[in-house]
Amino acid sequence: IIANDLNLKHIDVRLADHEPSDLNGLPDVRGEYAVFKTFEQFPTEEMQLPEGKDGWLLCFDELPNVDKQMQSAAYKIILEKFVGQKRLHPKCKIIAFGNHTTDNAIAEVMSTALCSRLIHFNLRFDFDDFMEYAFKSGMSLNIIGYLQYKQSSAYQFNPNDADTTYPCPRTWEFLSKSEKAGLNYSQPYSFAYVAGTIGQAVAHDFILFINYRKELQTFEEMMQNPDTCKVYANEPHLQYAMATLLAEHFNSKDLENILKVVSRMSPEFGSFVGTLALSRLTPAQHAEYGANPVWRNWLSTFVKKYATA
């Protein structure tokens with residue numbers, strides 16, 4: 001994401017997979033003097049910029065996981081921007097990531113020499129940023145609906161928890177990909193799979209949310225009676241389940257009836273359905289919907305209602 005925002009080519013380097021000598025390159029003894037040939041993954045100053053990019057983002061992931069010898073080998077490239085005998089390209093930026101030693105993630109204490117070569121930022125989880133990513137990346141509607149309903153389940157990291165995993169953006173994305181690959185939550189094995197992905201406690205709650213759909217009218221029933229079908233005004237868990245159901249079945253043929261149902265929901269849930277639907281439209285569908293006066297009128301009303309909600 002950072003590389004895309006800065007229009008840089010992302011280079012992922014896991015120093016734990018390297019030997020200290022790798023940062024100097026391989027010796028070339030041809031000719032009168034031996035020289036070191038650097039590895040191609042490191043952009044040096046004689047290289048051309050990547051096509052369509054403004055440079056490179058050299059990312060040292062899990063930097064604290066390497067031993068002291070490897071940390072020492074990284075001093076030169078991080079501070080002096082040299083790899084072996086060559087200088088990094090001036091358009092190559094360096095960034096590093098890693099866990100705290102208290103995270104139980106095999107992190108080593110970084111030497112003071114390495115620490116002083118870096119500018120340090122402590123990152124925190126932000127729900128709104130995660131939801132923005134979830135919408136843009138097309139994450140499962142079931143997961144988005146559940147996390148909107150139960151925001152506290154989005155991230156629950158505790159290094160001392162006895163469970164083998166926990167809910168976080170990475171594991172929610174794992175689950176979303178599994179669902180798209182065919183994971184069926186109604187199958188007997190599904191709970192074990194979900195618990196093995198996001199942890200036991202949240203898995204129980206998530207499966208319960210999935211089962212809320214059984215309490216709803218079907219999409220077909222809603223389309224048959226859009227002016228009178230139940231919208232569960234005082235039952236937020238069912239409203240979120242209903243919102244994901246409507247977004248999942250959003251289509252041009254039923255558009256007028258869908259919007260009749262959505263307009264009877266509170267502005268908060270109208271916004272949620274609209275945002276979900278918009279995030280999944282292709283450019284062609286955007287053009288198709290944009291030519292529909294029913295959609296344009298509703299969108300105008302929906303924006304006004306949500307702005308004053």
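**Overall fold, cores and selected residues of the predicted model**

Among contacts in the protein with a separation of 6 or more, 68% are made by residues 24 or more positions apart. The model is predicted. Its secondary structure comes to 14 helices and seven strands. The radius of gyration is 26 Å, well over the 19 Å that the globule rule gives for 309 residues, so the protein is more spread out than a compact globule. Along the principal axes, the C-alpha atoms fill a box of roughly 85 × 50 × 35 Å. Of the 309 residues, 39% count as buried.

In soluble globular proteins, nonpolar side chains tend to be buried together. In this model the largest nonpolar core has 57 residues, and those with the most contacts inside this core are Leu147, Trp172, Leu175, Val194, Phe206, Leu246 and Phe250. The element that gives the most to this core is helix α10, spanning residues 236-248, with eight residues. A second core, separate from the largest one, has 20 residues, including Val13, Trp56, Tyr75 and Ile78. Tyr75 also takes part in a contact with a charged group: the charged end of Arg117 sits over the Tyr75 ring, 4.5 Å from the ring centre.

Leu147 illustrates the packing in the largest core. When residues up to four places away in sequence are not counted, Leu147 touches Phe127, Phe130, Met131, Ser153, Ala154 and Trp172. One of these partners, Ser153, is placed in the loop between α5 and α6, the latter covering 169-180. Ser153 has a relative accessible area of 4% and is therefore buried, the limit being under 20%. With neighbours within four places in sequence left aside, the contacts of Ser153 are Tyr146, Leu147, Pro167, Trp172, Val202 and Asp205. Leu147 and Trp172 thus appear in the contact list of Ser153, and both are among the residues with the most contacts inside the largest core.

Aromatic rings form 17 pairs in the model. A pair of aromatic rings is described by the distance of the centres and the angle of the planes. For Tyr146 and Phe206 these values are 5.4 Å centre to centre and 75° between the planes, an edge-to-face arrangement. Tyr146 lies in helix α5 (residues 141-149) and Phe206 in helix α8 (residues 200-211), so this pair ties together parts that are 60 residues apart in sequence. Both Tyr146 and Phe206 are buried. The two residues also belong to a cluster linked by ring pairs, together with Tyr149, Trp172, Tyr185, Phe209, Tyr212, Tyr240, Phe269 and Phe272.

Helix α11, residues 255-263, contains Val261. The relative accessible area of Val261 is 0%, so this residue is buried. Apart from residues up to four places away in sequence, Val261 touches Met222, Met223, Pro226, Cys229, Val231, Met242 and Leu246. Leu246 is also one of the residues with the most contacts inside the largest core. Val261 and Lys230 are separated by 31 residues in sequence, and their C-alpha atoms are 8.9 Å apart in space.

Positive phi values occur in residues other than glycine, including Glu62 and Tyr232. For Glu62, phi is near 55°, and for Tyr232 it is about 55°. Glu62 is found in the loop between β4 (56-60) and α2 (68-80), whereas Tyr232 is placed in the loop between α9 (219-224) and α10. The surroundings of the two residues were also assessed by accessibility. Glu62 counts as partly exposed at 27% relative accessibility, while Tyr232 counts as buried at 5%.

The structure holds zero disulfides. A disulfide is a covalent bond between the sulfur atoms of two cysteines. The sulfur of Cys92 has its closest cysteine sulfur in Cys59, at 11 Å, which is too far for a bond. The sulfur of Cys168 likewise has its closest cysteine sulfur in Cys59, but at 17 Å, again too far for a bond. Cys92 counts as buried at 6% relative accessibility, and Cys168 is buried with a relative accessible area of 4%.

Technical notes: Residues are numbered from 1 along each chain as its sequence is written. This is a predicted model: local features need pLDDT of at least 70, side-chain atom pairs count only at pLDDT 80 or more; totals for chains, interfaces and linings use all residues. Side-chain values use heavy atoms; hydrogens and water are left out. A nonpolar core is a set of buried Ala, Val, Leu, Ile, Met, Phe, Trp, Tyr and Cys residues joined through side-chain atoms within 4.5 Å. Buried means under 20% relative accessible area, exposed over 50%, partly exposed in between (1.4 Å probe, protein chains only). Helices (H or I, at least four residues) and strands (E, at least two) are DSSP runs, numbered from the N terminus. Contact means heavy atoms within 4.5 Å. Rings of Phe, Tyr and Trp (its six-membered ring) pair if their centres lie within 6.5 Å; planes under 30 degrees apart count as stacked, over 60 as edge-to-face and the rest as tilted. A charge sits over a ring if NZ of Lys or CZ of Arg is within 6 Å of the ring centre and within 35 degrees of the ring normal. A disulfide is a pair of cysteine sulfur atoms within 2.5 Å. The radius of gyration is taken over C-alpha atoms; the globule rule is 2.2 Å times the number of residues to the power 0.38.
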